[in-house]
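Here are some exercises to work through with the model open beside you. Try each task before you read its solution.

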Amino acid sequence: MPFPGGLWWLLCCRQGFTLLRRDYGEADREADGEAEEEEASFELRAQGDQGSLEVSLSQPTRSSSGSERSLLVAEEMRSLIIEKGPGPVEDDPDALVKGWLQREVRGGMKTPWIRPRKYWFVLTPDSLDYYSSNEKGARRLGSLVLTSLCSVLWPDKQTYKETGYWSVTVFGRKHCYRLYTEHLNEAVHWVCAVRKVIDSKAPVQTPTQLLMRDVEEHCGSPEVLEQIYRCNPILRYTSSPLYAPLLPFPYGSLDQSAPSPRSYTTLRDEAVKLFNSLQQLESERDPVPLMQGVLQTCLDLPPLVDEIYCQLVKQTTEPPAPGGQGDLHYWQLLTCMSCTFLPSLPVLRFLHFHLDRTESRFPGSEMAKYACFIREALGKTKGRECVPSLEEILVLMQRQEMICTVHCPGAPACSVAISSHTTAEEVAQELVSRLGLSQSPNLFALYEQSRRREQPVGSTTLLADVLTSLAGEEREQDPPCRLCFKHYGFLDTDSVPRDSLEFALLFEQAHEMVLRGYVPTSEETLQTLAALRLQSLNSDFSTHAPFPRLEELFPPHVLHARLPAPRRRPSTKCRGARLRAGLLAGGLWGQALAKQRAERDQRLRGRLREEGASTMAAIVEKWKLLQGMGRPEAMAAYVALVREWPGFGSTLFDVDLRASPVGAGPQRLWLGIGAKAVSLYKPGEPEPLDSFCYGRISSFGASDSSTFRLSVEDRDLLFETSQVDEIAQLLNTYLASAGARQPLRPPEPAPSPPTSDPPTLPQGLCPPAVPWQHRPPVGSLGS
């Protein structure tokens, strides 16, 4: 008798589900058991046993059967979880916190047709358990063992806005509980309780950490050390993949709140991925990009630095082909790591032991040379802001130094050999000695110079980081960025000999100030300066002499100031008028308006060319009058004209002075930092609004990242600027120089006129100097 249609369909479905379970479900269960056993072989041991490690720890394999793996997992869980009897849940004496919570089910809280399930949760000193109900004899449905590596996340406001529930997320070794409640205070109570349990747990250690401790304790006994390495393959090279990190990492997802172009998973997963990347180095023909990727990951995730050091030590210990290509790639990456990151003290001691062991076992080999180089680098490394560039990695792979080109205005470029640890101050001191500037009273520094900006390089900044950042900007700018050697502080410009290299540097820096508009003077004087510049470059006038572009001789902003200001369209306050204007602009009238703007821009460009031609003609006429003047005389005359401005020798910064009257906007000013005083100038005005000698300044510092505070006697001046760091550093430099020199006795001051609140600042005279009291705010750069 044939089966009815419905029964036949059910039988087929049951047979199909049985096959699916056999092909996929059992395989998944077996793979899960394998992963559990693999992690168990590497899993964490409590930090209670302080004796020597007597067990043999081996690399995880995939040869054990599924029943054995399940037995191992069950035994481990029984050792970690205290078995509870079938007694009533309410009478559990170990319960710290208990209550109803909703746990996320498959589909998540955002699925409207699947409501979260409510369970009875009980927090004990060892685990977080949940039951089907709070009645007597309720069945325990699950348990999450709490160790020091577990983590818990605070309630998320965004989740509450989306779901209406406050979330509590607890991360364990194998599982993650996402719990929800409608009350914020209840969620906070659970988070605090779980975190308190986690913090009470003793720190855990991996087998690698325990073996590192044993190696350090028995470093004087070669026989014991050889036995440790022989019995524990986890310390030696392996060609098999790694299924768990060598060091303990907290469970749970990473905090991705910091802006980063890369997205990462958990630290444990990233550690395993990095080991797979390391194994790819052995067969890579060009390992440099892969090395840079590993270094970038370590820079983004600093907790992985120790892990990568341990992995590299493992892979360079007893490799199958010592000194082969794959082995040397590991040593080369270890070299780059030693020049970029400094490990923690336990890992550093283990690394030094590994280097000594390698040098003693393979004396004179390439590995021994890399070990010696790494040991020296570790003594100098202080941390990097950027990962090494591809060029630096290639140099480090050869254990060589880089060549840095520094441009000197008015002098040939200098090539300096640097390492990954060379600072900008060391290069500046070498150039001072090489160029014969050791006797100069003035200060010098390196500058990052491009068409858009120019800023000094900090004295403690690693030059390798600067070159890496400049290499990234060179691809976007034309002309490329470069390093320059220039004056940083002008302490005495009158005693500079005219025939010296320093005077040439002074001349070039004065010309840069003129072109940037930082020397307020008449247009006639600017033309004379341009003629003197031509005389210093080409000597006497000649029609065959090369003519620089006008913007290299004359400030461009002066020509733009001659152009008529664009007429401002009357504002249409009426809504209907704005609507009609928008409709007209979007139709045929819009094309006519665009054509009018193009014609106006073309007329302005033509007018600018005419003004440039007339200015160039005037400059040439003045150049002809300089017939017979030599280059040194032209340079001296140029500097003498610029020195007539009272602010010569000061470094000018564009700042916005915050006004004290309510409703008044900030005033754009120049803040001049000199060797003797700080001055305020209105842009384009030769005379300062006010000057403050350092005796009148009580403190200075950064109020925030874009506000510089200068306290002058009984008032505070706040300046908005993007160069807060540069201003504070320059002030500190002048103060340090003033303290090293014998101060001159100031003349008796005249009574200063009464001052008014900014932005109107009358010019004042400095009173007698008082003892310097430098009290910058917390976090300021003035300390």
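Two strands pair if DSSP finds at least two bridges between them; helices (H or I, at least four residues) and strands (E, at least two) are DSSP runs, numbered from the N terminus. The model is a predicted one, where local features need pLDDT of at least 70 and side-chain atom pairs count only at pLDDT 80 or more, while totals for chains, interfaces and linings use all residues. Residues are numbered from 1 along each chain as its sequence is written, and side-chain values use heavy atoms, leaving out hydrogens and water.

**Exercise 1. Find the strands that pair with E21, and sort the residues of E21 by face.**

Step 1: Begin with strand E20 (residues 707-712), which is joined to E21 by six bridges and runs antiparallel to it. Within this pairing, Leu-710 has Leu-717 as its bridge partner.

Step 2: Look at the turn. E20 and E21 make a hairpin with two residues between them, and Glu-713 in the turn has a positive phi of about 55°.

Step 3: Turn to strand E15 (residues 651-657), also antiparallel to E21 and joined to it by two bridges. Here Asp-656 stands opposite Glu-720.

Step 4: Sort the faces of E21 (residues 715-720). Arg-715, Leu-717 and Phe-719 make up the covered face, while Asp-716, Leu-718 and Glu-720 lie on the uncovered one.

**Exercise 2. Check the length of helix H11 and list what its buried residues pack against.**

Step 1: The expected span of a helix is 1.5 Å times one less than its number of residues. For the 17 residues of H11 (residues 345-361) the rule gives 24 Å, and the end C-alpha atoms are 24 Å apart, which agrees.

Step 2: Pick out the buried residues, meaning under 20% relative accessible area (exposed is over 50%, partly exposed in between; 1.4 Å probe, protein chains only). Among them are Val-347, Phe-350, Leu-351, His-354 and Thr-358.

Step 3: An α-helix has 3.6 residues a turn, so residues three or four places apart point the same way.

Step 4: The partners of this buried set are the helices H5 (207-217), H6 (222-231), H9 (304-315), H10 (325-338) and H12 (366-378).

**Exercise 3. Trace the open sheet of five strands and the helices on it.**

Step 1: Reading across, the order is E11-E10-E14-E12-E13, with mixed pairing. Strands E11 (411-418) and E13 (454-456) are at the edges, each pairing on one side only.

Step 2: Place the helices, taking contact as heavy atoms within 4.5 Å. Angles run from 0 to 180 degrees between N-to-C directions, with axes fitted to C-alpha atoms, for helices over the stretch in contact. Helix H16 (residues 501-515) lies across E10, E11, E12, E13 and E14, at about 100° to E14.

**Exercise 4. Where do the partners of these salt bridges sit: Lys-486 with Glu-512, and Asp-356 with Arg-375?**

Step 1: Apply the rule: a side-chain nitrogen of Lys or Arg within 4 Å of a carboxyl oxygen of Asp or Glu. The count comes to 30 salt bridges.

Step 2: In the Lys-486 and Glu-512 pair, the closest N and O atoms are 2.8 Å apart. Lys-486 lies in strand E14 and Glu-512 in helix H16, so the pair ties together parts 26 residues apart in sequence. Both residues are buried.

Step 3: For Asp-356 and Arg-375, the closest N and O atoms are 2.5 Å apart. Asp-356 is in helix H11 and Arg-375 in helix H12, 19 residues apart. Asp-356 is partly exposed at 41% relative accessible area, and Arg-375 is partly exposed at 24%.
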